[in-house]
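Work through the three exercises below with the structure open. Try each task before you read its solution.

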Amino acid sequence: MSGIPPRLLGVLGLLLAFLLVAPAVLGKYGLSVLILVLYFAYVGQAWNIMMGFAGQLSLGHALYAGLGGYVAAGLFFHYGLGPWAGVFAAVVAASLAGAIVGYLGFRFSLAGVYFALLTIAFSEFTRLAFDHWSWAGGSGGLFLKVDGSTSLLNLRGGPVLFYYVILALAVGALILSRVLLESRLGRYWLAIREDAEAAQAVGVPVLRCKMIAVVISAALTSLAGVWNAFYYNNLFPETAFSMGRSIEITLAPIIGGLGTLFGPFIGAIVLTGLGEVFTDVGEYLGIPGIKQIFYGLALLAIVMYRPAGVWPWLAGRIGLK
Amino acid sequence: MTQDFLLSFAQAITKGLLTGMVYGLMALGLSVIFGVMRVVNFAHGELMVVGMYLAWAAFEYFQISPLLSLPVIAVLFFGLGYALQRGLIQPFIGRPEHQQFLLLLGVALVLVNACLAIVGPDSRGVQLEAQFESYELGPLVFDAVRLHAAIAAIVIAAVLWLFFTRTRTGKAIRAAADNHMGALVVGLDVRRLYAVTFGVGAACVGAAGALMITIIPVTPFLAAEYTLLAFVIVIVGGLGSMTGALMGGLLIGVSEAVAGLLADPSLKSMFSFGLLIAVLLLRPQGLFGPKSSS
């Protein structure tokens with residue numbers, strides 16, 4: 001807690017109090033929107049560790065979310081193994097995938113766009129493999145039984161259950177990010193992000209630090225995948241490993257403020273809010289694609305006028321810096 | 001039996017080579033833009049799809065064959081690319097990659113969904129007499145449309161090569177790509193050259209779109225696929241290399257056709273992405289790129 005301005009601490013406390021009682025206050029629709037915000041804040045936070053802190057651009061994070069979801073859902077579907085146990089297998093699978101992608105990319109010193117393309121390639125490759133893998137349901141998808149029961153043990157239940165799970169994840173990821181950033185490892189990451197060669201020269205173990213960033217990021221992302229699989233009860237390679245899913249994961253932190261602690265959360269609020277408004281506008285106008293046009297224009301406007309993200313600007317404006 | 005197989009194999013390769021030329025032209029646009037400005041055009045497939053729609057509309061409403069509307073589309077796309085670079089992208093040159101990525105993602109979303117809003121999600125194609133014609137060379141059959149498209153793509157690539165090697169502007173663009181600071185020092189208007197480059201890159205992909213519509217019908221959903229395909233081709237061929245983009249296009253065209261013949265057609269992209277991973281790791285400068293990247 002040290003080093004956080006008391007005013008910010010106060011705002012966070014109020015926000016957390018609101019989020020804790022939100023299901024009692026908000027209607028069904030409000031809760032579903034809040035769930036989306038927290039989901040994007042959480043995966044954004046996970047992605048931010050790799051890109052925002054360690055400076056490694058991944059455009060293939062759907063790989064880790066998809067693997068996590070498929071492993072946990074597959075174990076539950078085939079062997080009735082509950083997600084609280086399956087999640088360990090999911091984390092192991094995603095961490096391993098992250099380690100492989102990271103090791104190959106870093107070992108062969110791919111940087112920037114080239115590394116990003118490598119992450120895309122692995123994600124797409126896995127998507128096509130899952131299309132043909134019958135254990136995982138192939139391209140027809142994997143469906144979890146919905147029997148209306150509520151069981152925390154098997155993560156079966158209504159939106160409120162999933163709301164609290166994703167809230168816990170989002171808060172946990174925020175705290176973890178803060179702890180990491182304040183640690184020696186976090187400082188190493190920032191050094192690597194700013195200038196990897198200089199960091200190497202002064203003795204930062206660059207390869208090891210990058211590997212840790214990828215593995216932590218992949219592991220956290222896989223938890224979101226597990227959550228996603230049990231919340232929506234279905235998985236298709238076409239969506240779970242899609243480029244669109246990967247892009248979606250990157251947006252909240254970039255829009256909110258790359259490398260900042262609250263960027264992913266602010267970005268998730270902005271994006272989900274815009275998405276909901278544009279969906280309404282699109283339905284009102286009745287033109288297909290109009291929602292995405294507005295969304296694209298909003299992205300353009302934000303990156304042109306707030307290229308460093310919304311949070312650093314907002315924090316300055318409301319005196320929370 | 002083996003004779004039949006060999007023939008259909010040769011047939012698949014021919015088909016792949018012809019389609020691959022159009023792929024190559026598409027990827028050429030991406031490669032030129034990256035080679036000069038170090039900007040990755042994440043809206044490339046979207047531009048391709050817009051080109052396909054324009055050629056389709058010219059045929060549907062004015063009965064102009066895509067091969068004839070191609071020059072007009074190329075000029076329009078040059079203007080579009082020029083304006084995009086001037087108005088949107090220029091301030092982002094040299095900025096962090098994720099900002100360029102977000103900017104072009106916004107452009108891509110607007111372009112592809114404008115197509116969706118105007119034309120709708122159904123696939124649109126052109127009906128040409130040439131689609132039923134073919135040329136025969138010994139036992140091999142060449143689809144007329146594919147052959148025409150491939151020849152047109154070669155001609156355009158040749159024109160581009162002449163532009164970059166023989167004209168003052170082309171040489172100046174290459175100079176600016178080789179040494180940005182040096183180009184500024186000798187007084188080249190680098191901003192204008194960049195806008196011309198983006199225009200040329202867009203013209204390539206617009207022309208490729210006009211050719212592609214004669215081969216397959218267009219839907220908005222092709223856009224993302226083409227963006228990825230263009231990435232695969234330029235990386236495999238060598239990002240920033242003109243010959244690399246064309247050779248990469250041929251390689252991917254052939255591999256797709258052969259994979260479609262030998263295995264499940266959906267496996268064809270798996271091969272492409274496998275190849276992409278192998279090239280990125282073992283030869284990041286591309287199969288046809290310069291010997292050393294450093």
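**Exercise 1.** Find how strand 1 and strand 2 of chain B are connected, and how many residues lie between them.

*Solution.* Start with the turn: the two strands of chain B form a hairpin with two residues between them. Gly138(B), in that turn, has a positive phi of about 60°. Next, the pairing. Strand 1 (residues 134-137) and strand 2 (residues 140-143) of chain B run antiparallel, joined by four bridges. Strands pair if DSSP finds at least two bridges between them. Ser134(B) faces Asp143(B) of strand 2. Strands here are DSSP runs of E, at least two residues; helices are runs of H or I, at least four; both are numbered from the N terminus.

The model is predicted: local features need pLDDT of at least 70, side-chain atom pairs 80 or more, while totals for chains, interfaces and linings use all residues. Residues are numbered from 1 along each chain as its sequence is written, and chains are lettered from A, ligands numbered from 1, in the order written.

**Exercise 2.** Locate the kink in helix 1 of chain A.

*Solution.* Take residues 6-25 of chain A. The kink, about 35°, is at Leu19(A), shortly before Pro23(A). The bend is the angle between axes fitted to the seven residues ending there and the seven starting there.

**Exercise 3.** Which helix of chain B gives the largest share of the side that touches chain A?

*Solution.* Count contacts: 32 residues of chain B meet 33 of chain A, with C-beta atoms, placed from the backbone, within 7 Å. Helix 4 of chain B gives the largest share, 14 residues.

Definitions and conventions
The expected span of a helix is 1.5 Å times one less than its number of residues. Two residues are in contact if their C-beta atoms, placed from the backbone, lie within 7 Å.
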